[in-house]
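Okay, thanks for making time, everyone. I'd like to walk you through one structure, starting from a single helix and working outward. Have a look at the screen first.

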Amino acid sequence: MKFNTDDMEWPTFLDEYEKLVFRMTIPRVMIDNTSCSNATLVKIDSARKHGILLEAVQVLTDLNLSIKKAYVSCDGRWFMDVFHVTDLDGNKLTDKRFISYIEQSLGTIHYASSKIYNGLTALELTGTDRIGLLSEVFAVLSDLHCNVVEAKMWTHNGRIASLIHIKESQSGYPIEDSQKIDRIEARLKSVLKGDNDVRSAKTSVSLAVTHTERRLHQMMFADRDYERKPVIRTSNDTPIVSVLNCLEKGYSVVNIQCKDRTKLLFDVVCTLTDMQYVVFHATINSAGDRAYLEFFIRHTDGIPISSDAEKQRVILCLQSAIERRASEGVRLELSTGDKQGLLADVTRTFRENGLNVTRAEISTTGDSALNIFYITDVRGNPVDSNIIESVRGEIGWSNLKVKELPLINHQTVDRDGSMLLSLGNIFRRNLYSLGLIKSFS
């Protein structure tokens with residue numbers, strides 16, 4: 001299937017030349033369900049511009065698709081991307097309406113905008129993480145009669161970043177009173193400061209429309225979480241990242257090996273893009289529960305990475321980008337009717353039972369709330385099942401449920417039992433055979 005610009009209804013004010021330019025720059029999308037037995041192929045040809053790869057990956061990620069493999073190549077001013085995708089259960093895509101929606105979404109990424117939270121006020125928070133901090137934040141918002149409509153919170157290396165969309169609890173309107181906004185910011189900043197974070201705690205009202213998860217990456221990057229040491233290390237599975245220089249063609253080559261998970265490619269490409277690097281070639285593959293990613297990059301000024309300090313910074317930033325979303329702890333889902341103070345009550349119960357929230361996703365639809373929390377004990381270890389059951393009893397057995405972490409369907413071994421060859425090595429071999437690579441440093 002292919003997205004066809006000839007079927008579009010053109011605005012009356014566009015002349016034929018403007019229509020031609022539009023046809024030349026709009027991505028060409030083809031979805032192939034026959035070439036691969038266990039994945040749907042999404043092929044995109046697009047004029048090259050900074051961020052176009054991120055926009056494509058963002059569309060696929062936001063549609064809850066798992067990217068099992070990917071090939072990215074730039075030929076002059078044109079990008080050619082191939083993504084092998086499935087649903088989160090590892091199945092090929094079969095719904096024709098969904099496939100058509102994917103084509104339309106990818107075909108208009110040059111002109112697409114992020115989700116707009118109409119009628120909501122956005123709060124951005126960064127500071128030092130501690131047990132019960134989220135409970136204190138929601139208690140302040142409840143006390144100030146603010147209703148949390150949507151929110152996401154990440155923690156990493158002892159830091160916290162959260163983007164919270166709120167409205168007036170009584171009127172349902174956005175909060176536009178400057179004095180009330182000042183009170184909200186002041187009280188939240190006081191909470192974030194605590195006893196030892198006077199300088200780095202930050203609160204602000206966000207007016208720009210930005211993809212929520214991309215904004216969280218930007219906030220933690222600006223907070224320089226990548227320079228900090230983890231307060232509690234609960235996993236030894238640190239991503240392996242290396243950076244080499246391809247002397248002949250002027251690329252820097254980034255190789256990543258880490259545990260595979262959903263949205264991994266988005267997190268990596270998002271970070272490279274916001275650090276002002278352009279991806280010219282890339283291969284992505286997974287084997288078992290491991291992911292292998294390789295990127296040929298240059299800075300937006302056309303220069304590869306030029307110093308050991310810059311190499312180290314890229315390594316640390318990519319490791320942090322991968323770790324921020326790594327889900328530590330048990331996943332709890334709260335599904336119940338929305339009401340004033342709900343989040344303050346629930347997170348207070350977590351705090352009183354010695355539970356630490358490492359990540360949270362809050363959403364409401366009408367009068368219903370669906371909230372997801374990842375929790376550990378105060379030391380970052382798995383929570384005792386008896387404590388979880390006690391918390392469920394306090395909050396409501398039918399409302400708070402323990403959910404398994406979402407699984408990713410992997411290819412593990414070939415039929416002869418050997419592990420799949422690193423796609424990065426295959427890609428390097430192909431470039432070598434074409435004479436594009438002669439040496440690395």
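So, let's jump right in with helix α4. Its buried residues pack against β5 (121-128), β6 (146-156), β7 (159-168), α5 (178-193), α9 (342-352) and β14 (355-365). Keep in mind, please, that this is a predicted model.

Which residues of α4 are we talking about? The helix covers residues 133-143, and the buried ones are Leu133, Leu134, Ser135, Val137, Phe138, Val140 and Leu141. After the helix comes His145, and the phi of His145 is positive, near 60°.

Let me zoom out for a second. The protein has 441 residues, and 48% of them count as buried. You'll find eleven helices and 16 strands in there. And if you take the contacts with a separation of 6 or more, 72% of them come from residues 24 or more positions apart.

Now, back to one of the partners of α4, strand β5. This strand is mostly covered, with seven of its eight residues buried. What does β5 pair with? With β7 there are eight bridges, and the two strands run antiparallel. One pair to click on is Thr128, whose bridge partner in β7 is Arg159. Then there's β8, residues 202-206, which pairs with β5 over five bridges, in the antiparallel sense again.

The residue I'd pick out here is Glu124, which lies in β5. Is Glu124 buried or exposed? The cut-off for buried is under 20% relative accessible area, and Glu124 comes in at 9%, so it counts as buried. Its bridge partner in β8 is Ser204. As for the side chain, Glu124 makes a polar contact of 2.8 Å with the side chain of Arg215. If you skip the neighbours within four places in sequence, the contacts of Glu124 are Ser162, Leu163, Lys202, Thr203, Ser204, Ser206, Arg215 and Met219.

You'll have noticed Ser162 in that list, so let's go there. Ser162 is in strand β7, and at 5% relative accessibility it is buried. Where does its side chain point for a polar partner? A polar atom of the Ser162 side chain lies 3.1 Å from the backbone oxygen of Lys152. Not counting residues up to four places away in sequence, Ser162 touches Leu123, Glu124, Leu125, Lys152, Met153, Leu216 and Met219. Met219, by the way, is also on the contact list of Glu124.

Okay, on to the empty space. Rolling a probe the size of a water molecule over the atoms shows where empty space is left. How many cavities of 30 Å³ or more does the structure hold? Seven. I'll stick with the second largest, which has about 130 Å³ of space in it. It brings us back to α4, because that helix is one of the elements supplying at least two residues each to the lining, along with β6, α9, β14 and β15 (368-377). There are 17 lining residues, and Asn147, Val148, Gly341, Leu342 and Leu343 lie nearest the centre. Sorted by class, the lining has nine nonpolar, six polar and two charged residues.

Next stop, strand β1, residues 28-32, which is where you find Asp32. This is another buried acid, with a relative accessible area of 10%. The side chain of Asp32 has a polar contact with the side chain of Ser35, at 2.3 Å. Leaving aside neighbours within four places in sequence, Asp32 is in contact with Thr40, Leu41 and Lys43. There's also a pair to look at across the sequence: Asp32 and Leu93 are 61 residues apart along the chain, with their C-alpha atoms separated by 9.9 Å.

Last thing, a couple of backbone angles for those of you who like to check those. Asn64 isn't a glycine, but its phi is positive, about 60°. Asn64 is in the loop between α2 (52-62) and β3 (66-75), and it's partly exposed at 46% relative accessibility. Arg224 is a similar story, with a positive phi near 60° in a residue other than glycine. Look for Arg224 in the loop between α6 (212-222) and β9 (240-246). At 40% relative accessibility, Arg224 counts as partly exposed.

That's my tour, so over to you.

Methods. Residues numbered from 1 in each chain as written. Predicted model: local features only at pLDDT ≥ 70, side-chain atom pairs only at ≥ 80, totals over all residues. Heavy atoms only, no water. Buried < 20%, exposed > 50% of the residue type's maximum accessible area, 1.4 Å probe, protein only. Helix = DSSP H or I, 4+ residues; strand = E, 2+ residues; numbered from the N terminus. Contact = heavy atoms within 4.5 Å. 1 Å grid on protein atoms, 1.4 Å probe; cavity = no way out; pocket = protein on both sides within 12 Å on 5 of 7 lines; lining within 4 Å. Points joined across faces, edges and corners; volume = space filled by probe spheres on them. Nonpolar A, V, L, I, M, F, W, Y, C, P; charged D, E, K, R; others polar. Polar contact = N/O pair within 3.5 Å; in protein donor to acceptor, adjacent residues only side chain to side chain. Pairing = 2+ DSSP bridges.
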